[in-house]
Amino acid sequence: MNSKSMAGWIGFGGLIMILLGGLAFFQGLIAVIEDNYYVVSQSGFLVFDVTGWGWTMMIWGIILALVGFALIAGQSWARWVSIVLVSVNLFAQLGFLGNSSYPLWTLLVLTLDIIVLYALIVRWDESQLQLEPRS
């Protein structure tokens, strides 16, 4: 692979981050709209208020999308920030959705996180040339 193709991977990672931000935003929006969320467990129904979690996810989604736009714009700081945010998102989604009755949704979000990490980390040295500002 040459550095131009890796710049394409970085752009792809930025687009997927925008998608992940949108997904997180709408997860939060649904949690805010649907004030009480009922989870079926072995011992009955677990009822809890997820409004606070919903607002947190909406803000988190906006942050992910903004950093994704910065990554597409070629900002060098956005690459490190993206790696940290996507890693945190991976564990946050696993912690919340991993215990739910939506395993396919969980696998989709985790797979997208891993694809972004792959796009940003693989062949780091070759893609450095594309992220540096041109004179």
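**Figure 1. Leu-15 and the nonpolar patch on the surface.** Start with Leu-15, which sits in helix α1. In this predicted model, Leu-15 has a relative accessibility of 52%, so it counts as exposed, the cut-off being over 50%. Leu-15 has company out there: together with Ile-62, Leu-66, Phe-69 and Ile-72 it makes up a nonpolar patch on the surface. Taken together, these five residues show about 500 Å² of accessible area. Which helix gives the most to the patch? That would be α2, with 4 residues.

**Figure 2. The whole chain, for orientation.** Before going further in, here's the overall layout. The protein chain has 5 helices and 2 strands, and reading along the sequence you get α-β-β-α-α-α-α. Of its 135 residues, 34% are buried. The accessible surface adds up to about 8200 Å², and carbon and sulfur atoms account for 70% of that. As for how the chain folds back on itself, take the contacts with a separation of 6 or more: 69% of them join residues 24 or more positions apart.

**Figure 3. Helix α2, end to end.** How far apart are the end C-alpha atoms of α2? They are 32 Å apart, and that agrees with the 32 Å you'd expect for 22 residues at 1.5 Å a residue. Plenty of this helix is tucked away: Gly-54, Met-57, Met-58, Trp-60, Gly-61, Leu-64, Ala-65, Val-67, Gly-68, Ala-70 and Leu-71 are buried. An α-helix has 3.6 residues a turn, so residues three or four places apart point the same way. With that in mind, compare the buried set, including Met-57, Gly-61, Leu-64 and Gly-68, with the patch members Ile-62, Leu-66 and Phe-69. Just past the end of α2, look for Gly-74, which takes a positive phi of about 85 degrees.

**Figure 4. Gly-21 and Leu-29 of α1, facing α2.** Gly-21 belongs to helix α1. Is Gly-21 buried or exposed? With a relative accessibility of 1%, it counts as buried, since the limit is under 20%. Setting aside neighbours within four places in sequence, Gly-21 is in contact with Gly-61, Leu-64 and Ala-65. Its C-alpha atom lies 9.0 Å from that of Met-57, a residue 36 places away along the chain. Leu-29 is also found in helix α1, but at 27% relative accessibility it counts as partly exposed. Leu-29 and Met-58 are 29 residues apart in sequence, yet their C-alpha atoms are 6.4 Å apart.

**Figure 5. The largest nonpolar core.** This core has 20 residues, and those touching the most other members are Met-17, Leu-20, Trp-60, Leu-64, Leu-71, Val-116 and Leu-120. Helices α1 (3-33), α2 (51-72), α3 (76-97) and α4 each give two or more residues to it. The top contributor is α2, with 6 residues.

**Figure 6. Leu-71 and what it touches.** Leu-71 is in helix α2, and at 2% relative accessibility it counts as buried. Which residues does Leu-71 touch, not counting those up to four places away in sequence? The list runs Ile-10, Gly-13, Gly-14, Met-17, Ala-78, Arg-79, Ser-82 and Leu-120. One of these, Gly-13, is 58 residues away from Leu-71 in sequence, and the two C-alpha atoms are 8.0 Å apart in space.

**Figure 7. Helix α4 and its core residue Leu-120.** Helix α4 covers residues 103-121, and its 19 residues should span 27 Å at 1.5 Å a residue; the end C-alpha atoms are indeed 27 Å apart. Its buried residues are Thr-106, Val-109, Leu-110, Leu-112, Asp-113, Val-116, Leu-117, Ala-119 and Leu-120. Zoom in on Leu-120: leaving out residues up to four places away in sequence, it touches Ile-10, Leu-71, Arg-79, Ser-82 and Ile-83.

**Figure 8. Glu-34 in the loop after α1.** Last stop: the loop between α1 and β1 (36-41), where you'll find Glu-34. Glu-34 is partly exposed, with a relative accessible area of 44%. Which residue lies 17 places from Glu-34 along the chain, with its C-alpha atom 8.1 Å away? That's Thr-51.

Note on methods. Residues are numbered from 1 along each chain as its sequence is written. This is a predicted model: local features need pLDDT of at least 70, side-chain atom pairs count only at pLDDT 80 or more; totals for chains, interfaces and linings use all residues. Side-chain values use heavy atoms; hydrogens and water are left out. The expected span of a helix is 1.5 Å times one less than its number of residues. Buried means under 20% relative accessible area, exposed over 50%, partly exposed in between (1.4 Å probe, protein chains only). A nonpolar core is a set of buried Ala, Val, Leu, Ile, Met, Phe, Trp, Tyr and Cys residues joined through side-chain atoms within 4.5 Å. Contact means heavy atoms within 4.5 Å. Patches are made of residues with over 30% relative accessible area and no salt bridge: like charges are joined within 9 Å, nonpolar side chains (Val, Leu, Ile, Met, Phe, Trp, Tyr) within 5 Å. Accessible areas come from the Shrake-Rupley method with a 1.4 Å probe; for residues, only the protein chains shown count as cover. A salt bridge is a side-chain nitrogen of Lys or Arg within 4 Å of a carboxyl oxygen of Asp or Glu.
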